[in-house]
Each structure stands twice: as C-alpha cells, then as structure tokens.
Amino acid sequence: MKRLAVISALLLLAFRLAAAVYTPTSIPMVHLADRNRYVCNPDHILSEEAVSRIDAIFRQIEDSTGIQTVVEGIDPDDCFEFTYQLLEKNGVGQKDKNNGLAITLSTTERCIQFVTGYGLEGVLPDAICKRIQMNYMNPSFSDGNWDQ
C-alpha cells in the first residue's frame with residue numbers, strides 16, 4: 001500500500017511538471033479576449049496578484065503611449081525565435097507604428113527575451129532591455145521569485 005502511494009505521488013508530480021508545449025500561434029492571446037489583459041500565464045508561473053499588477057502597468061502604458069505589449073510565461077525551445085514569431089504572427093503593436101513589445105519568460109530554459117517592433121527600438125533599444133533584465137529581473141529569477 002505504501003509503495004502504491006509513493007508511485008501515485010511520483011506520477012502526479014510527473015504530470016504536474018509536464019507543461020504544455022506552445023507555439024506562437026497556439027499560445028492563448030488573452031488581450032484579444034479582454035483588452036485589459038496582457039499577461040498570458042498558461043502554466044501559472046506567476047501568481048494572480050503578479051499578473052494583475054503587470055496587466056495594470058501595461059494598460060497604463062498603452063493608454064498613455066499607444067505601445068502594445070504582451071508578456072508570456074512559457075517554455076519555448078528557442079526563446080528569441082518564439083518571441084519574435086509571437087510579435088510578428090499575432091500583430092502585437094500598432095501596424096502603422098510597428099510599436100509592439102513582447103517579453104517571454106521560460107523557466108526551464110532560464111531565458112528572458114525582449115523583442116521590440118522597429119518603431120519602439122529608439123525608445124527601448126536592446127541595451128536598455130538587457131539592463132532591465134540584468135538589474136531587475138535576473139536577481140529575483142535566480143532565486144525562483146518569478147513574481148518579483
């Protein structure tokens with residue numbers, strides 16, 4: 001009986017650890033269903049409180065600048081290519097301004113990827129994105145504190 005309980009617990013853990021595989025076209029685009037949502041968090045890497053906080057920040061950014069963003073918490077094979085395709089295939093940003101921003105967090109790949117539309121590169125160049133990642137994101141992520 002004890003052995004069955006251990007095997008059952010291991011199987012449950014294995015199923016819990018097996019996250020779905022997403023593509024840029026299969027990932028849920030929450031902003032299309034509700035324009036006040038920006039964070040797609042299908043594997044629940046972030047808490048609901050963190051998602052709400054980030055959604056509010058990006059709603060304010062879009063209202064004041066017109067910049068559209070999407071944040072994903074997923075597990076892609078190639079972080080850059082996934083994020084680039086997500087931005088391109090889902091039309092993030094205003095087409096005439098090309099001002100979209102996509103940010104991907106992959107916990108198993110230990111990858112954070114920012115991709116900006118060409119219209120946003122002057123405001124948010126790669127060097128600033130890298131500084132945001134290194135100074136604000138990496139210290140918390142290295143501790144497993146995804147919400148921070």
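Here are three short exercises on this predicted model, each with a worked solution.

Before you start, residues are numbered from 1 along each chain as its sequence is written. Local features need pLDDT of at least 70, side-chain atom pairs count only at pLDDT 80 or more, totals for chains, interfaces and linings use all residues, and side-chain values use heavy atoms, with hydrogens and water left out.

**Exercise 1. Find which part of the model has the lowest confidence.**

Step 1. Start with the confidence score: pLDDT is the predictor's confidence in each residue, from 0 to 100. The protein chain has a mean of 75, and 79% of its residues reach 70 or more.

Step 2. Go through the elements, where helices (H or I, at least four residues) and strands (E, at least two) are DSSP runs, numbered from the N terminus. Helix α5 (residues 126–142) has the highest mean pLDDT, 88, and helix α1 (residues 2–17) the lowest, 32.

Step 3. Look at residues 1–18, where the pLDDT is below 50. Beyond near neighbours in sequence, this stretch has zero contacts (heavy atoms within 4.5 Å) in the model.

Step 4. Where pLDDT is low, the predicted coordinates should not be read in detail.

**Exercise 2. Locate the disulfide and describe its surroundings.**

Step 1. Apply the cut-off: a disulfide is a pair of cysteine sulfur atoms within 2.5 Å. The structure holds one: Cys79 and Cys111, with sulfur atoms 2.0 Å apart.

Step 2. Place the partners: Cys79 lies in helix α4 (residues 79–89) and Cys111 in strand β4 (residues 111–116). The pair is 32 residues apart and links distant parts of the chain.

Step 3. Read the torsion about the S-S bond, which is -110°, making the link left-handed.

Step 4. Check accessibility: buried means under 20% relative accessible area, exposed over 50%, partly exposed in between (1.4 Å probe, protein chains only). Cys79 is buried because its value is 8%, and Cys111 is buried at 13%.

**Exercise 3. Work out which side of helix α3 is buried.**

Step 1. Test the length of helix α3 (residues 48–65): the expected span is 1.5 Å times one less than its number of residues. Its 18 residues should span 26 Å, and the end C-alpha atoms are 26 Å apart, so the two agree.

Step 2. List the buried residues of α3: Ala50, Val51, Asp55, Phe58, Arg59 and Glu62. They cover an arc of only 165° around the axis, so they sit on the same side of α3; the arc is that of the directions from the helix axis to the C-beta atoms.

Step 3. Turn to the other side of α3, where Glu49, Gln60, Asp63 and Ser64 are exposed.

Step 4. Finish with Gly66, which follows α3 and has a positive phi, near 85°.
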